[in-house]
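Hi everyone, thanks for coming. I'd like to walk you through a structure that is new to most of us, so let's bring it up on the screen.

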Amino acid sequence: MSDPGLKATIRADTVAALKAGEKIKVGALRMLTAAIVNKEKELRQELSDDEVREVAAKEVKKRAESIEAFESAGRQELADKEEAEREILRAYAPEQLSEEQVDVLIEHAIASTGASGPQEMGKVMGAVMAGAKGKVDGSVVQAKVRARLEG
């Protein structure tokens, strides 16, 4: 078990949040732990710290989607709870790339694939997402690549 790693940190943070009575943090960390355990069962192996970060990134994305859904349904109190959970989980997710870094990755991918139009968007997306390794939201990349290839 990679105990001095990220999973141990999450366990320690969960215990600390329990002792401090931070219900939202405890809930978010327990959901993250459950997602990690599910992924480990799926893969039938312990997750590395990088894989744990990928799971955390997926949980952050789920919260972002939930926030959008709750806000559009007029449920601001639930959106606020999801926002708080997302902020807690961001600490365990990979650091997100800046707009400039994403632009550089896109330019490099276009140059390396030789893409010249929107029909070659898949090649560029594959190259960018492989280079970003979970550090950027795919929908952001997709919009930027589409704008770049169409314009």
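Let's begin with the buried residues of helix H2: Val26, Ala28, Leu29, Leu32, Ala35, Ile36 and Glu40. By buried I mean under 20% relative accessible area, while exposed is over 50% and partly exposed is in between, with a 1.4 Å probe and protein chains only. Helices here are DSSP runs of H or I with at least four residues, strands are runs of E with at least two, and both are numbered from the N terminus.

A word on what you are looking at: this is a predicted model, where local features need pLDDT of at least 70 and side-chain atom pairs count only at pLDDT 80 or more, while totals for chains, interfaces and linings use all residues. Residues are numbered from 1 along each chain as its sequence is written, and side-chain values use heavy atoms, leaving out hydrogens and water.

Back to H2. What covers its buried residues? The cover includes helix H1 (6-20), H3 and helix H4 (76-90). When I say contact, I mean heavy atoms within 4.5 Å. H2 covers residues 23-43, and its 21 residues should span 30 Å at 1.5 Å a residue, which agrees with the 30 Å between its end C-alpha atoms. That expected span is 1.5 Å times one less than the number of residues.

Just after H2 comes Arg44, with a positive phi of about 60°, although Arg44 is not a glycine. Arg44 sits in the loop between H2 and H3. Is Arg44 buried or exposed? With a relative accessible area of 75%, Arg44 is exposed.

Now let's step back to the whole chain. There are seven helices and zero strands, so if you read along the sequence you get α-α-α-α-α-α-α. The C-alpha trace spans about 55 × 45 × 25 Å along its principal axes. Of the 151 residues, 32% count as buried. Taking contacts between residues at least 6 apart in sequence, 58% join residues at least 24 apart.

And the charges? The chain carries 24 positive and 28 negative side chains, and the centres of the two sets are 5 Å apart. Lys and Arg count as positive and Asp and Glu as negative, with His and the chain ends not counted. Each charge is placed at NZ of Lys, CZ of Arg, CG of Asp or CD of Glu.

Some charged residues are tucked away. Take Glu59, in helix H3 (residues 49-72). Glu59 counts as buried because its relative accessibility is 6%. Beyond residues up to four places away in sequence, Glu59 touches Leu32, Ala35 and Leu89. You may remember Leu32 and Ala35 from the buried residues of H2.

Over in H4 we find Arg86, which is also buried, at 15% relative accessible area. With the same sequence neighbours set aside, Arg86 touches Val60, Arg63, Ala64 and Ile67. The other buried residues of H4 are Ala79, Glu82, Glu85, Ile88 and Leu89, and their cover includes H2 and H3. Lys81 is in H4 too, but Lys81 is partly exposed, at 36%. Lys81 and Arg63 are 18 residues apart in sequence, and their C-alpha atoms are 9.4 Å apart.

Next, the nonpolar cores. A nonpolar core is a set of buried Ala, Val, Leu, Ile, Met, Phe, Trp, Tyr and Cys residues joined through side-chain atoms within 4.5 Å. Which residues touch the most other members of the largest one? Of its 17 residues, they are Ile10, Leu32, Ile36, Val52, Val55 and Tyr92. H1, H2, H3 and H4 each give two or more residues to this core. A second, separate core has 14 residues, including Ala109, Ala115, Met125 and Val145.

Tyr92 deserves a closer look. Apart from neighbours within four places in sequence, Tyr92 is in contact with Leu6, Thr9, Ile10, Asp13, Leu29, Leu32, Arg53 and Ala56.

Let's finish at Gly134, in the loop between helix H6 (121-132) and helix H7 (138-150). Gly134 is partly exposed, with a relative accessible area of 34%. Leaving out neighbours within four places in sequence, Gly134 is in contact with Ala57, Pro94 and Gln96. The C-alpha atoms of Gly134 and Arg53 are 8.7 Å apart, although 81 residues separate the two along the chain.

That's my tour, and thank you for listening!
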